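Visitor: I would like to learn how to read a structure like this one. Could we go through it feature by feature?

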Amino acid sequence: MESERQEHPNNLIDDLVCDRQLLMLKAAIPYISGASQKTIAFLAKFMELRRTISLFDNPETSMQICSLPETEEPLPLQMLEAIRSYCTPQEQETIDMLQNYVQMFSAYETLFT
């Protein structure tokens, strides 16, 4: 699995729940002795979960998560683009095909309405 892992930019939720200290804690895990790695990794994930729960408990913040900048591009296309970098090449081809269909039908709808 390690060889299949690619570097991906953090997504919005990671940016909101992971501060510098938590990222440093996670980065230190490989350098900690085996027995302590499990405890530190669990602690890091627990802190992330706790921050995620707190984030969504605040209605003002959770609304900011849902609101995206207004563009001409429909939300499903933005979502597909966001997940595309995590996909295998075959899955990326499928996403590209779906994006093309959505854009084609959108253009068709614009022309004939």
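Visitor: In which helix is the place of Thr94?

Guide: First, a caution: this is a predicted model. Thr94 is in helix 6. Helix 6 covers residues 89-111, and it also holds Gln103.

Visitor: Is Thr94 buried or exposed?

Guide: Neither term fits, because buried means under 20% relative accessible area and exposed means over 50%, with partly exposed in between. Thr94 has a relative accessible area of 37%, so it is partly exposed. Gln103 is partly exposed as well, at 43%.

Visitor: How far apart in space are Thr94 and Arg84, C-alpha to C-alpha?

Guide: A separation in sequence and a separation in space are two readings of one pair. Thr94 and Arg84 are 10 residues apart in sequence, and their C-alpha atoms are 9.6 Å apart. For Gln103 and Leu77 the sequence separation is 26 residues and the C-alpha distance is 8.7 Å.

Visitor: Which elements does the chain have, from the N terminus on?

Guide: The elements run α-α-α-α-α-α. That is 6 helices and 0 strands.

Visitor: How is the length of a helix checked, and what does helix 3 reach from its first C-alpha to its last?

Guide: The span is set against the value expected at 1.5 Å a residue. Helix 3, residues 34-57, has 24 residues and reaches 35 Å, close to the expected 34 Å.

Visitor: Which residues of helix 3 are buried?

Guide: The buried ones are Ile40, Ala44, Met47, Glu48 and Leu55. A general point helps in reading such a list: an α-helix has 3.6 residues a turn, so residues three or four places apart point the same way. For the chain as a whole, 16% of the 113 residues count as buried.

Visitor: Which residues make up the largest nonpolar core?

Guide: To read a core, look for buried nonpolar residues joined through their side chains. Here the largest one has 6 residues: Val17, Cys18, Leu22, Ala44, Met47 and Leu55. Helix 3 gives the most to this core, with 3 residues.

Visitor: With which residues is Val17 in contact, leaving aside its neighbours within four places in sequence?

Guide: Val17 is in contact with Leu22, Glu48, Arg51, Thr52 and Leu55. Leu22 and Leu55 are also members of the core, whereas Glu48 takes part in salt bridges.

Visitor: How many salt bridges does the structure hold?

Guide: There are 4. One of them joins the side chains of Glu48 and Lys26, at 2.7 Å from N to O. This pair links distant parts of the chain, with Glu48 in helix 3 and Lys26 in helix 2 (residues 20-28), 22 residues apart.

Visitor: Is Glu48 buried or exposed?

Guide: Glu48 has a relative accessible area of 11%, which means that it counts as buried. Its partner Lys26 is partly exposed, at 27%.

Visitor: Which residues are linked with Glu48 in a network of salt bridges?

Guide: A network arises where salt bridges share a residue. Lys26, Lys45 and Glu48 are linked in this way. In the bridge between Lys45 and Glu48, the closest N and O atoms are 3.6 Å apart. Both of these residues lie in helix 3, 3 residues apart, or about one turn of the helix.

Visitor: Which residue meets Arg84 in a salt bridge?

Guide: The side chain of Arg84 meets that of Asp96, at 2.8 Å from N to O. The pair links distant parts of the chain: Arg84 is in helix 5 (residues 75-84) and Asp96 is in helix 6, 12 residues apart. Arg84 is partly exposed at 22% relative accessibility, and Asp96 is partly exposed at 27%.

Visitor: Which residues make the nonpolar surface patch?

Guide: The patch is made by Met97, Leu98, Tyr101, Met104 and Phe105, and it covers about 500 Å². Tyr101, one of these, lies in helix 6 and counts as partly exposed at 40% relative accessibility.

Visitor: What does the accessible surface of the chain come to?

Guide: It comes to about 9400 Å², and 61% of that belongs to carbon and sulfur atoms.

Visitor: Among contacts between residues at least 6 apart in sequence, what percentage join residues at least 24 apart?

Guide: In this chain, 40% of them do.

Key
Residues are numbered from 1 along each chain as its sequence is written. This is a predicted model: local features need pLDDT of at least 70, side-chain atom pairs count only at pLDDT 80 or more; totals for chains, interfaces and linings use all residues. Side-chain values use heavy atoms; hydrogens and water are left out. Patches are made of residues with over 30% relative accessible area and no salt bridge: like charges are joined within 9 Å, nonpolar side chains (Val, Leu, Ile, Met, Phe, Trp, Tyr) within 5 Å. Accessible areas come from the Shrake-Rupley method with a 1.4 Å probe; for residues, only the protein chains shown count as cover. Helices (H or I, at least four residues) and strands (E, at least two) are DSSP runs, numbered from the N terminus. Buried means under 20% relative accessible area, exposed over 50%, partly exposed in between (1.4 Å probe, protein chains only). The expected span of a helix is 1.5 Å times one less than its number of residues. A nonpolar core is a set of buried Ala, Val, Leu, Ile, Met, Phe, Trp, Tyr and Cys residues joined through side-chain atoms within 4.5 Å. Contact means heavy atoms within 4.5 Å.
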